Amino acid sequence: MGKLLDKVNFPNDLKTLSMVQLKELSDEVRQFIVESVSRSGGHLAANLGTVELTIALHYVLNSPADKIVWDVGHQAYTHKILTGRKGRFSTLRQGNGLSGFPNIHESPYDHFTVGHASTSLSQALGLATARDLAGTGECVVAVCGDGSLTGGLAYEALNNIGHLHKNMLIVLNDNEMAISKSIGSMSKYLNRIITNPVYNRVRSEVEHTIRRFPRIKRFVKNIEESFKNIICPGLVFEELGIRYFGPIDGHDVENLIETIKNIIGLDQPCLLHILTKKGKGVFQAEHEPASYHSAGPYTIKGKKNGCFIVDPQEKKQNEIPYTKAFSNSLMRVAERDSKVLAITAAMPEGTGLIEFQEKYPERFFDVGIAEGHAITFAGALSKGGFKVVCAIYSTFLQRAYDNMIHDVALQDANVTVCLDRAGIVGPDGATHHGLFDFAYLRSIPKSVVCSPKDEAEMQCMLDLGVDYKGLFAIRYPKENIPITFESTYAMFGIGEGEVLCEGNDIAVLSIGNMVATALRVSSLLKLEGLNAGVYNMRFVKPLDEHLLAQIAATTKYIVTIEEHSAAGGFGSAVTEYIAKVNSFHGKVKVFGFPDVFIEHGERQQLFQRYGMDDSSIAKEIIEDLKKCKL
Ligand SMILES: Cc1ncc(C[n+]2csc(CCOP(=O)(O)OP(=O)(O)O)c2C)c(N)n1
């Protein structure tokens, strides 16, 4: 650890440092993050862009009384390091360790637990309004990226901020990137601000004058402001009632401090537009920020021209992730059917759409961080005769719930939603686990909800989905496909399950990737002399009622296993059906995650902690069977 950082533990420790020392501290913090994330993995690129900004904010503000609200929260590592968590930073994203995002249970400096984009403006406005009602007088600052400014929630907030006119500062951290390049007209607009030659010439002349005549600084600044109002394209914000400042260099800590000091006391909403480099200080992250957005562990090879050179650790190649299976299946569907379109909400890499984008650019749409819009847009595209596939992470699709009901299901629109990162995502934790989708999807009338165990099933489900009139949802985890399955094309109809092995003592019903768990559990039960039938139900809705009726007629103990919250999911659907079968006098035992927010940690660890690993499930079944004496 650098010698300055060694002594800095809390924001107050910054206040005694000189500007030169603050610059040195920025380098030390950057190195600390690069080294630490090389071991833990994490959101490297975004965090390297906010080092100077965070130091400047904590230098000027009196936090936690003054409040900083982080959008998404994936750029808050420096904030954690400067607010008493440096010593635990090596535990980042691990079980019982620091969260990778701000977390209200972790620190009084974190005002919200976050992970989803575009919330910071609404949250900051809420805090500022509450402050004025309570008369407490603290400062409130939102830090929002240009990518997060593509989300509709941010515009709802901007509209309301201009109206309520509270004293608050929005720092627009513009690196021209979301995970990939920022998309859309707002990003073009911000780019015009940055590149406007007239304004930039005036700015540099003003700065030159200030340097020569520091005493007339305020006067010249005022002129600059007036002039800016005539020529500056930042007027969109001004027109909304928010004073616009910038753009300024987001890596110049001294200028950041001076600017924030100057505008923080203005009794009105202000927006400070800063320009930063995503991945700053790591050569590979600067050049391929998308690959280092959420990085796995890497090796630091050395430093060249002030930049770290790193080398990612090789991934195992012999297994196929579900995302790749989706991508392959989509390419085959798209090849045979030119009406198939694909949409992403700012995540073409993560959702496996890059190949589609490259081959069919005119049939591909990146709509920005706008899940709700993605779904409504898809519904309308389908009215024009197209078959639309929206690939969105399970946790982010929660944003689009009403859109799925109102703009797809009610319209009989031909939309297939492919939910990646369903279930436990591991180190990103509570904000990112996709544990609620079966529940929120199956309650929508006429929806079809399914989950493939392997690539062959993924293909068949996608084939069925693109021809279905209504909401068709396919969900799968971040994981590799369990190697248990041979992938030859499987033909089945909507709602058709499959018997994997017979056995009348117990029926183990499962879906998707958890079918592999069901098979392993049945082997463990066999060792105890219990003969378990294993059923791959494939669909949560419609359920294979014919198969379920057969199971209910031949077995008294039915087990369901799903990587989902136990409330409202696959097990609930099975239980609802079985409750209607008068002749069944046995028990349904549901294995799913409990009704709590599941923390971050290694996937396997979390499965064990919540009794969802093979041996915990088998043990629980054996104990329960003893108790219920069927
Ligand atoms: C609702 C929602 N959709 C998608 C994401 C995934 N995501 C995380 S960060 C990010 C990009 C954010 O871009 P920006 O705000 O510009 O921050 P940067 O990473 O560039 O600093 C995206 C799309 C998310 N967190 N929340």
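## Reading a predicted model, from ligand to strands

Tutor: Let's start at the ligand: one of its oxygen atoms sits 2.7 Å from an N or O atom in the side chain of His-74. Keep in mind that this is a predicted model.

Student: Which other residues have an N, O or polar backbone atom listed against a ligand oxygen?

Tutor: For Ser-148, a side-chain N or O atom is 2.7 Å from an oxygen atom of the ligand. With Met-177 the partner is a polar backbone atom, 2.8 Å from a ligand oxygen. As for cover, the ligand taken alone exposes 580 Å², and the protein buries 98% of that.

Student: Which residues around the ligand come nearest, and how does the shell divide by residue type?

Tutor: There are 21 residues around the ligand, and the nearest are His-74, Gly-147, Ser-148, Lys-278 and Glu-371. By type, the shell has nine nonpolar, eight polar and four charged residues.

Student: On to strands. Why is E4 described as largely enclosed by the rest of the structure?

Tutor: The idea is to count residues with under 20% relative accessible area. In strand E4, residues 243–249, five of the seven residues are buried, so the rest of the structure largely encloses the strand.

Student: Which strand does E4 pair with, and is the pairing parallel or antiparallel?

Tutor: Look at E5, residues 269–275: E4 and E5 run parallel and are joined by five bridges. One pair to find on screen is Tyr-244 with its bridge partner Leu-271 in E5. Between the two strands the chain passes through helix H12, residues 253–264, and this β-α-β crossover is right-handed.

Student: How many residues of E13 are buried?

Tutor: Six of the six residues in strand E13 (residues 470–475) are buried, so that strand too is largely enclosed by the rest of the structure. E13 pairs with strand E11 (residues 414–420) in the parallel sense, over six bridges. Within that pairing, Thr-416 stands opposite Phe-472. E13 also pairs with strand E12, residues 448–450, again parallel, over three bridges. There, Cys-450 stands opposite Ile-474.

Student: What is the handedness of the unit made by E12, H20 and E13?

Tutor: E12, helix H20 (residues 455–466) and E13 form a right-handed β-α-β unit.

Student: Now the backbone. Where should I look for cis peptide bonds?

Tutor: The general background is that most peptide bonds are trans, and most residues other than glycine have a negative phi. Here, the bond from Ser-63 to Pro-64 is cis, with omega near 10°. Pro-64 lies in the loop between H4 and strand E1. Another cis bond joins Gly-246 and Pro-247, with omega about 0°, and Pro-247 belongs to strand E4.

Student: And which residues other than glycine have a positive phi?

Tutor: Try Asn-96, with phi near 65°. Asn-96 is in the loop between helix H5 and helix H6, and its relative accessible area of 66% makes it exposed. Lys-446 has a positive phi of about 65° as well. Lys-446 sits in the loop between helix H19 and E12, and at 51% relative accessible area it is exposed.

Student: One last residue: is Glu-52 buried or exposed?

Tutor: Glu-52, in helix H4, is buried, because its relative accessibility is 4%. For a sense of span, the C-alpha atoms of Glu-52 and Asn-414 are separated by 47 Å, and the two residues are 362 residues apart along the chain.

Key
Residues numbered from 1 in each chain as written. Predicted model: local features only at pLDDT ≥ 70, side-chain atom pairs only at ≥ 80, totals over all residues. Heavy atoms only, no water. Near = heavy atom within 4 Å. Polar contact = N/O pair within 3.5 Å; in protein donor to acceptor, adjacent residues only side chain to side chain. Areas by Shrake-Rupley, 256 points an atom, 1.4 Å probe, with all protein chains shown as cover. Nonpolar A, V, L, I, M, F, W, Y, C, P; charged D, E, K, R; others polar. Buried < 20%, exposed > 50% of the residue type's maximum accessible area, 1.4 Å probe, protein only. Helix = DSSP H or I, 4+ residues; strand = E, 2+ residues; numbered from the N terminus. Pairing = 2+ DSSP bridges. Right-handed = clockwise from strand over helix to strand, strands pointing away.
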